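Here's a friendly walk through a structure you may be seeing for the first time. Have a look around before reading on.

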Amino acid sequence: MHKSQLSYFIQGIRAAVPTMLGYLPASLAFGVGGSSMGLSPVELLLISFFVYAGSGQFLILASLQLGTPIVTMVFLVALINVRHLLYGPIIERYIPPGLKTRLAKAFYLTDEVFAVCYLKLKDIAPEGKTAWHFGLGIFAWLSWLTGTAIGIFAGESITRSFPLLGQTLGFSLTAMFVAVTLLTIQGPMVRALLLAALSSVIVAALGWSTVAILVGAAVACIFYTPQSQQVQHG
């Protein structure tokens, strides 16, 4: 007996829970940081609504502090998020066809959502993949918006009551990204990841920290050999 689409959607929401728990403190930090700079609640919520990219949004705040021109800011945010173009082809074979549906899913494709899809989407029945993916993506996005709102309207009182929490919020996104990366590591990835890390460190040491992310991602893709291909060659 096939599950209903609602069942798959709910299953996707459950898969999103760890990501949601990580997004709340990270987006709360964004709301707090943006409010302290004088940005209005509407501006901050619109950034989280449309940009929906943790590293990109914190880069926006840093750029505003430095007085970076808008065109340069947009270019830098786009440059940081170019790595997302590498995610789609990896999970493409698990996603049902249909341009409109794929474009909608692309909006919700963050680092963490990609990692969950990479781990679990292949095990979802074909008829339920779309509903499951939307359950995961939509609720991860809603948790980011919720955390932003909490940071805007209650973040200052929260960080004042819990000073240690305020000091660690900014690191929450990085910590979650590292945790998700560790969960997705498989044997065939180790060599590619080591080479990618080495490449990123070298490029960052040369002073190009933003480009280092892209170089590391490109090196990982070049040297990663999927397990299925390794078996065929063997």
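## A charge over a ring

Let's start with Lys105, which lies over the face of Phe134, at 6.0 Å from the ring centre. Keep in mind as you look that this is a predicted model.

Phe134 also has aromatic company. Together with Tyr23, Phe49, Phe50, Tyr52, Phe107, Tyr108, Trp141 and Trp144, Phe134 forms one aromatic cluster. Searching the whole structure turns up 13 aromatic pairs. Here are two of them, side by side.

| Pair | Centre to centre | Angle between planes | Geometry |
|---|---|---|---|
| Tyr23 and Tyr52 | 6.3 Å | 85 degrees | edge-to-face |
| Tyr108 and Trp141 | 5.8 Å | 65 degrees | edge-to-face |

What does the pair of Tyr23 and Tyr52 tie together? Tyr23 belongs to helix α1, while Tyr52 sits in the loop between α2 (41–50) and α3 (54–66), so the pair joins parts that are 29 residues apart in sequence. As for exposure, Tyr23 and Tyr52 are buried.

The pair of Tyr108 and Trp141 links distant parts of the chain as well. You'll find Tyr108 in the loop between α6 (99–107) and α7, and Trp141 in helix α8, 33 residues apart. Again, both Tyr108 and Trp141 are buried.

Now for helix α8, which spans residues 129–161 and also holds Ser143. Is Ser143 buried or exposed? Its relative accessibility is 4%, and buried means under 20%, so Ser143 counts as buried. Which residues does Ser143 touch, leaving aside those up to four places away in sequence? They are Met20, Tyr23, Leu24 and Ser27. Tyr23 is a name you've met already, as a member of the aromatic cluster.

Another residue to look up is Gly22, part of helix α1, which covers residues 5–36. Gly22 has a relative accessible area of 13%, and since the limit for buried is under 20%, Gly22 is buried too. Try finding Gly22 and Trp144 together: they are 122 residues apart in sequence, yet their C-alpha atoms are 9.1 Å apart in space. Trp144 is another member of the aromatic cluster.

Last stop: helix α7, residues 111–120. Why is α7 described as largely enclosed by the rest of the structure? Eight of its ten residues are buried, so the surroundings enclose most of the helix. The buried ones are Asp111, Glu112, Val113, Phe114, Ala115, Val116, Cys117 and Tyr118.

Note on methods: Residues numbered from 1 in each chain as written. Predicted model: local features only at pLDDT ≥ 70, side-chain atom pairs only at ≥ 80, totals over all residues. Heavy atoms only, no water. Buried < 20%, exposed > 50% of the residue type's maximum accessible area, 1.4 Å probe, protein only. Helix = DSSP H or I, 4+ residues; strand = E, 2+ residues; numbered from the N terminus. Contact = heavy atoms within 4.5 Å. Phe/Tyr/Trp six-rings, centres within 6.5 Å; stacked < 30°, edge-to-face > 60°. Lys NZ or Arg CZ within 6 Å of the ring centre and 35° of its normal.
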